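Welcome! Have the sequence and the 3D view open, and try each exercise before reading its solution.

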Amino acid sequence: MGRAFLVVLDSVGIGGAPDADRFFNDGLPDTGANTVGHIAEACVAGRAETGRSGPLHLPNLDGLGLGAALKLASGVEVPGLGVQPTGLWGAATEISPGKDTPSGHWEIAGVPVPWDWTYFPDTQPSFPPDVTEALIEAGGAGGVLGNKHSSGTVILDELGAEHMATGKPIVYTSADSVLQIAAHEEAYGLDRLYEMCRAVAPLVHGMRVGRVIARPFLGTPETGFARTVNRKDFALAPPEPTLMDWAKAEGRPVHSVGKIDDIFAHRGMDDGIHGSDADLFEALLRWGKDAEDGSLTFANFVEFDSQYGHRRNVSGYASHLEWFDREMPRFLATLRPGDLAIFTADHGNDPTWSGTDHTRERVPVLGWGLGARPVGQVGFADIGASIAAHLGLNARGAGRSFL
């Protein structure tokens, strides 16, 4: 029995979303946003030369069909991308009313979001009084800092020193349906931060806020502050069974790599591995070698999004894409006859775009294990349905298999 590997390159969108005009960054619509397309264009033009040089070099992703998927999604052709695909390839369009992590992942796993998420206003304070009171009580420091919209790195520069001096946790939000809490791993305590997030999560989940995210950091006012890999998401559970639940219902092993287990509220998972993207790739290699017949391994590589997309770092994003592409053959070499590996994304985060938030885009669907196979324009939920079909599962979600 073959295995399935579903790998999300977080925020690696390819433009072309038909409803991009309904989503905004810094007051401007996402119309025309294209993460891979604009990065590739910047590389060709010599505008992504920090730590790397020249056109975007992705021979393995492009060999599966990345360039072809880019052209299908948005009509964009870029020098260096667009070889004749040797893998399964297509472009997926999201229907959920959000461009955030839970929306994309839930829909990929067969459950489009059936409601509008709650977003906190871009005011100061951002959080209503009952949420603020709950944060102060759970934080145990007599108050909180921030209480506004902010970039996670900017707010550390702004309030990190005051946090160290007062012990008060930093609370903030963004254009996503999220409440984020930042605190120093050593001065405040990692477990204490997790407990604070866990305490307030039920309240905000009841408001249909998708996630409470613990954002631990280290450093000093003198040396500066930097977030660590010990982020933890406390997510609202999906409203219906997902691909992982379908697999567990039939006794199949399900392995989580990265923040997948957090996104799905740890439902339908046998285990979970967290760490840097480099750590996660080694974990993916281990499951490629060791995962059981009939199993599902679901992975997310977040640093495309967290380190480069939100920070609008074009060179860094290009370098990370090239890093992943260089590593890909190591993973593909672990796969067996009958396995299926699908590489996709959950939304866009165009580092050339206005603002600092995600961008509404189509995403690539690239597959290894079935030979050259164009699947055309599909839905996010069709990805989960296709994985289920490959594994012989009874799929009960919104999608239809393209296999």
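**Exercise 1. Find the place of Asp 305 and work out what surrounds this residue.**

Solution. Begin with the chain: Asp 305 sits in helix H11, residues 303-309. Helices (H or I, at least four residues) and strands (E, at least two) are DSSP runs, numbered from the N terminus. Before going on, note that this is a predicted model, where local features need pLDDT of at least 70 and side-chain atom pairs count only at pLDDT 80 or more, while totals for chains, interfaces and linings use all residues. Residues are numbered from 1 along each chain as its sequence is written, and side-chain values use heavy atoms, with hydrogens and water left out.

Next, check exposure. Asp 305 has a relative accessible area of 4%, so this residue is buried; buried means under 20% relative accessible area, exposed over 50%, and partly exposed in between (1.4 Å probe, protein chains only).

Finally, list the neighbours. Not counting residues up to four places away in sequence, Asp 305 touches Asp 10, Ser 11, His 310, His 347, Asn 349 and His 358. Contact here means heavy atoms within 4.5 Å.

**Exercise 2. Do the same for His 310: is this residue buried or partly exposed?**

Solution. First, locate His 310 in the loop between H11 and H12. Its relative accessibility is 23%, so His 310 counts as partly exposed. Then look for contacts: leaving aside neighbours within four places in sequence, His 310 meets Asp 305, Asn 349, Thr 356, Asp 357 and His 358.

**Exercise 3. Which residues does UniProt list for "binding site", and where do they gather?**

Solution. Start from the record: the unreviewed UniProt entry lists Asp 305, His 310 and His 358 under "binding site". UniProt positions are given in the numbering used here, feature names are shortened, and annotations may be inferred rather than shown by experiment. The three span 54 residues in sequence, yet no two of their C-alpha atoms are more than 8.3 Å apart, so they gather at one spot.

Now turn to the pocket. The lining of the largest pocket includes Asp 305, His 310 and His 358. On a 1 Å grid over the protein atoms alone, a pocket is an open set of points where a 1.4 Å probe fits, with protein on both sides within 12 Å along at least five of seven lines; lining residues have an atom within 4 Å of a point.

**Exercise 4. Trace the open sheet that is formed by eight strands.**

Solution. Follow the order S12-S11-S13-S1-S14-S15-S4-S16, in which the pairing is mixed. Two strands pair if DSSP finds at least two bridges between them. At the edges stand S12 (271-273) and S16 (373-379), each with a single partner strand, so one side of each is left without a neighbour in the sheet. From one strand to the next, the twist averages 15°.

Zoom in on one pair. S1 (residues 4-9) and S14 (residues 340-344) run parallel and share five bridges, with Ala 4 bridged to Leu 340.

Now add the helices. H10 (residues 277-290) lies across S1, S11, S12 and S13, at about 165° to S13. H12 (residues 314-332) lies across S1, S13, S14 and S15, at about 165° to S14. Axes are lines fitted to C-alpha atoms, for helices over the stretch in contact, and angles run from 0 to 180 degrees between N-to-C directions.

**Exercise 5. Which strands pair with S8?**

Solution. Strand S8 covers residues 211-220, and seven of its ten residues are buried. S7 (residues 178-184) pairs with S8 in the parallel sense over seven bridges, and Leu 179 has Val 212 as its bridge partner. S10 (residues 232-235) runs antiparallel to S8, with four bridges; there, Ala 214 is opposite Lys 232. S9 (residues 224-227) is also antiparallel to S8 over four bridges, and three residues separate these two strands in a hairpin. Within this hairpin, Thr 220 faces Gly 224 and Leu 218 faces Ala 226.

**Exercise 6. How far apart in space are Gly 27 and Gly 355?**

Solution. Find Gly 27 in the loop between S2 (24-25) and S3 (28-29). With a relative accessible area of 62%, Gly 27 is exposed. Although 328 residues separate Gly 27 and Gly 355 in sequence, they are 8.2 Å apart in space, C-alpha to C-alpha.
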